[in-house]
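Trainee: Could you help me learn to read a protein model, one feature at a time?

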Amino acid sequence: MNAVGLNSYLFLAFVLFLVGVMGVLTRRNALIIFMSVELMLNAVNLTLVAFARFLHSLDGQIFVFFVMTVAAAEVAVGLAIIIGIYRRSETVNVDEINLMKW
Amino acid sequence: MLETVAFYALAATAVGAALLMISRRNAVYSAVFLVICLCAVAGLYVMLNAQFLAAVQVIVYAGAIMVLFLFVIMLLRADSPAEGLETLSFQRIFGFVFTVILLFQVGAFMKTAAPGAPAGGMSQEALAASNTEMVGELLFTRYLYTFELVSILLLGAIVGAVVLAKRKL
Amino acid sequence: MEIPELIITTVKIIIVIFIILTAVAYYTFAERKLGGWIQDRVGPNRAGPWGLLQPLADGVKFFFKEDVIPLNVDKPLYVIAPLITLIPALITFAVVPFGNRVTLFGHTIRLQIADVNIGILYILAVASLGIYGIVLAGWASNNKFSLLGAVRSSAQMVSYELSLALSIIGVLMVFETLRLNQIVVHQGQMLEWAPFLPRWGVFVQPLGFLVFLVAAFAETNRIPFDLPEGEAELVAGYHTEYGSMKFAFFFMGEYANMITSAAVTATLFFGGWQVPCLDWSAFSPPAAALIQIASFSAKTLFFAFLFIWVRWTIPRFRYDQLMRLGWKVLLPLALLNILVTGAIYVVKNA
C-alpha cells in the first residue's frame with residue numbers, strides 16, 4: 001500500500017537528528033547551536049508524524065503541535081538570553097561565555 | 001513510484017540542507033539552509049497526510065522562528081564572528097567521532113528491529129480528507145488540559161522574553 | 001491525475017500567470033497615473049495614447065540596462081533575493097477561486113487552480129515566506145541602509161503576520177471551512193438578521209475585516225507601512241543596491257503581492273465571485289462563469305485601487321508608531337474579534 005515504509009522515515013529522521021547533534025557539538029556560534037537544536041526537534045517531530053501515519057492515529061500529530069509550540073516559546077526566550085549575553089560580553093561564541101558573573 | 005521519488009528528493013534536500021546548515025561559517029547562510037530543510041520536512045508532512053502540520057510548520061518555523069533568528073543575527077552582526085579562542089579544540093573531533101559511532105549503533109539497531117505496534121482505528125481516507133478538523137477536535141477534547149498548559153507556557157515565554165530583552169523595566 | 005485534467009490544470013496555470021504579470025505591468029502604470037491625478041499632475045502620457053504603452057517602455061528599459069553586481073555584496077544571496085520576493089507572490093494565486101465550477105465539453109472545470117483542503121493556511125504559509133527576499137536582499141547588499149531596511153522589515157512582518165492570521169480566524173469560525181471556494185459558496189446566502197445584505201465576510205466580521213486590511217497593507221510594505229523602503233530615511237531601503245532586471249523583480253514582486261492581497265480580501269470578505277441577489281441557475285454555465293470571473297475581477301480591482309489611493313493620501317508611520325499599532329492596537333482587536341465571534345456562536349447554538 002505504501003511505497004515508502006515507516007523505516008525509511010525513521011532513518012531519515014535519525015540522520016537529521018544526528019546532523020543536529022553534530023552541529024551542537026562542533027559549532028561555537030551560539031546562534032548556530034540554537035538552530036541545530038531546532039533541527040533536532042524537527043527530526044523528532046518527523047518520527048512522530050511518521051508513526052501517526054503508519055499507526056493510523058492522530059495523537060502523534062497533536063504531539064508535534066505541542067512540540068512546535070514549546071519550540072516557539074523556547075526560541076523567544078533563548079534569543080532574548082543571547083541578546084542579553086551579547087550586551088554584556090559582546091560575543092556569541094559559547095567558549096568565550098565562561099564567566100558566571102561579570 | 002511517484003511517492004518514492006518524492007520521498008527521496010525531499011529526504012536528500014533535507015539532509016543536504018541540514019549538513020550545509022552546520023558547516024557554513026556564515027550564520028546567515030546557516031539560517032537560510034535551515035529554512036530550506038524545514039520546508040523539505042513540511043513536504044514530508046504532506047506526504048504523511050499531515051497537511052495541517054505542514055502548513056503550521058511553514059508558518060511557525062519558516063515564517064516566524066527563522067525570521068526571528070535572522071533578525072537577531074543581523075541585529076548582533078553575528079553573521080561571521082571571529083572564531084576566537086578555542087578553549088576546547090579537541091571537542092570538534094570528539095563530537096564528529098561520537099556522532100558517527102551513534103549513527104552506526106542506531107543503524108544496526110534499526111536493521112534488526114522490526115516495528116510492530118497496534119494500529120489505531122482511523123482510515124487514511126478520513127485522515128486525508130479533513131485533517132485540520134480532526135486535529136482540532138482531538139486538541140479540544142482529549143488534549144484540552146495539555147492545550148491550556150501550553151498556553152500558560154507561551155504566556156510565560158512572552159513575559160520572560162520581554163523581561164530579558166528590555167534594558168530597564 | 002488523469003491526462004485531460006493535467007492539461008486543463010497546466011492551461012489554467014499559464015493563463016493565470018500571464019494575466020497576473022500583465023496586471024502587474026498595468027498596475028504600475030495605474031499607480032503612476034492615479035498618483036499623478038491625486039497630486040494634480042498629468043502622470044505618464046508620452047508612450048502611446050494616454051501613456052498606455054509606458055509599462056512596455058519600462059520593461060524594455062529594465063531589460064537593456066547593464067546588470068551591475070556591486071563589488072562587496074554577498075553574490076549568491078544578492079542574486080537570488082529578488083526571485084524569492086516574486087515567486088511566493090505568484091504561487092499564492094494557486095488557491096484563489098475566481099469562479100465556481102463550470103461544465104464545458106463534458107469536462108467539469110474548477111475556476112481555481114488547486115482546491116487544497118488547507119486553503120487559507122496555504123496562503124498564510126506562502127505569504128510568510130515572501131519576507132525572506134527582503135531580509136536577504138538587505139543583508140546581502142552589504143550596505144548599512146539596506147541592512148536597516150531588512151532588520152525593520154523582519155520585525156514588522158513578524159508583528160503584523162500575527163494580526164493577519166488572527167483576523168482570519170474569525171472568518172474560519174463563521175464559515176467553518178478552510179477551503180477558499182467553500183468560503184465563497186457560503187457567502188452566497190443573505191444575512192439572517194438583515195435580509196437585504198449578502199452574507200459577506202465584511203458584514204459578519206467587520207472588525208476582522210478592518211484588522212485584516214491594515215495588516216495586509218503592512219505585509220505588502222505599502223505606505224503607511226513602507227518602513228523597510230522609507231526613501232526619505234533609508235535611501236531606498238533593502239533595494240538600494242539593486243538595478244536593472246533585479247530591481248524590476250522586486251518591483252513586480254511588490255505589485256504582485258498587492259494584487260494577491262486584493263484578491264484574498266475580495267475572496268474572504270467580499271464574496272469572491274458571488275453577486276448578491278443573482279440566481280446562477282438562470283444563466284447558461286459559460287455565461288455564469290463569465291459573470292463570476294467579472295465579479296471577482298471587479299472586486300479585486302477595487303482593492304487594488306484602494307492600495308493606490310491610500311498610498312498617495314496618507315503619510316508614513318514612525319517606527320515606534322508602527323510597532324505600537326501592531327502590538328497594542330491590532331493584536332488586541334484581533335483577539336477581541338475572536339472572543340466576540342466565539343461568544344455569539346455559543347449563544348446562537350445554545
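Trainee: Let's begin with chain A. What percentage of its contacts with a separation of 6 or more is between residues 24 or more positions apart?

Mentor: Good place to start! This is a predicted model, and in chain A, residues 24 or more positions apart account for 44% of the contacts with a separation of 6 or more. You can put the same question to the other chains. In chain B the share is 54%, and in chain C, 77% of such contacts join residues at least 24 apart.

Trainee: Which helices and strands does chain A have?

Mentor: Chain A has three helices and zero strands, so its pattern from the N terminus is written α-α-α.

Trainee: What does the radius of gyration say about chain A: is it spread out or compact?

Mentor: Here the idea is to compare a chain with a rule for globules. For 102 residues the globule rule gives 13 Å, but the radius of gyration of chain A is 17 Å, well over that value, so chain A is more spread out than a compact globule. Its C-alpha atoms fill a box of roughly 60 × 25 × 15 Å along the principal axes. As for burial, 47% of the 102 residues count as buried.

Trainee: How does chain C come out when I apply the globule rule?

Mentor: Try it with 350 residues: a compact globule would have a radius of gyration near 20 Å, and chain C has 21 Å, which agrees. The C-alpha trace of chain C spans about 65 × 50 × 45 Å along its principal axes. This chain has 13 helices and two strands, and buried residues make up 45% of its 350 residues.

Trainee: And which elements make up chain B?

Mentor: Chain B has seven helices and zero strands. Read along the sequence, that gives α-α-α-α-α-α-α. Of its 169 residues, 34% count as buried.

Trainee: How far should I trust each part? What is the mean pLDDT of chain A?

Mentor: Look at the average, then at the individual elements. Chain A has a mean pLDDT of 83, with 94% of its residues at 70 or more. Within chain A, confidence is lowest in α1(A), at a mean of 85, and highest in α2(A), at 88. Chain B averages 80, and 81% of its residues score at least 70. In chain B the lowest confidence is in helix α5 (residues 124–129), at a mean of 60, while α2(B) has the highest, at 89.

Trainee: Now the chains together. Which pair of chains shares the most contacts?

Mentor: Of the two pairs in contact, chains A and B share the most contacts. That contact takes 61 residues from chain A and 69 residues from chain B. On the chain A side, α1 (6–26), α2 (30–54) and α3 (59–89) each supply at least two residues, and the largest share, 20 residues, comes from α3(A). By class, this side divides into 41 nonpolar, 14 polar and six charged residues.

Trainee: How many residues does the contact between chains B and C take from each?

Mentor: It takes 20 residues from chain B and 22 residues from chain C. The elements of chain B that give two or more residues are α2 (27–47), α3 (51–76) and α6 (131–141). Of these, α3(B) gives the most, with 14 residues. The side of chain B that touches chain C has 15 nonpolar, five polar and no charged residues.

Trainee: How far apart are the closest C-alpha atoms of chains A and C?

Mentor: They lie 12 Å apart, and no contact joins these two chains.

Trainee: How do I read a nonpolar core, and which residues have the most contacts inside the largest one?

Mentor: As general background, nonpolar side chains tend to be buried together in soluble globular proteins. The largest nonpolar core here has 167 residues, and Leu31(A), Ala31(B) and Cys37(B) have the most contacts inside it. Its largest share, 21 residues, comes from α3(B). Take Ala31(B): leaving aside residues up to four places away in sequence, Ala31(B) touches Met35(A), Met66(B), Phe69(B), Leu70(B) and Ile73(B).

Trainee: Last one: is Leu301(C) buried or partly exposed?

Mentor: Count its neighbours. Leu301(C) has 17 other C-beta atoms within 10 Å, so it is partly exposed; being buried would take 20 or more. Leu301(C) sits in helix α12 (residues 285–311) of chain C. For contrast, look at helix α4 (residues 119–129) of chain C: eleven of its eleven residues are buried, so that helix is largely enclosed by the rest of the structure.

Terms used
Residues are numbered from 1 along each chain as its sequence is written. Chains are lettered from A and ligands numbered from 1 in the order in which they are written. Two residues are in contact if their C-beta atoms, placed from the backbone, lie within 7 Å. Helices (H or I, at least four residues) and strands (E, at least two) are DSSP runs, numbered from the N terminus. Ala, Val, Leu, Ile, Met, Phe, Trp, Tyr, Cys and Pro count as nonpolar, Asp, Glu, Lys and Arg as charged, and the others, Gly among them, as polar. pLDDT is the predictor's confidence in each residue, from 0 to 100. A residue is buried if 20 or more other C-beta atoms lie within 10 Å of its own, exposed if 12 or fewer, and partly exposed in between; C-beta atoms are placed from the backbone. The radius of gyration is taken over C-alpha atoms; the globule rule is 2.2 Å times the number of residues to the power 0.38. A nonpolar core is a set of buried Ala, Val, Leu, Ile, Met, Phe, Trp, Tyr and Cys residues joined through C-beta atoms within 7 Å.
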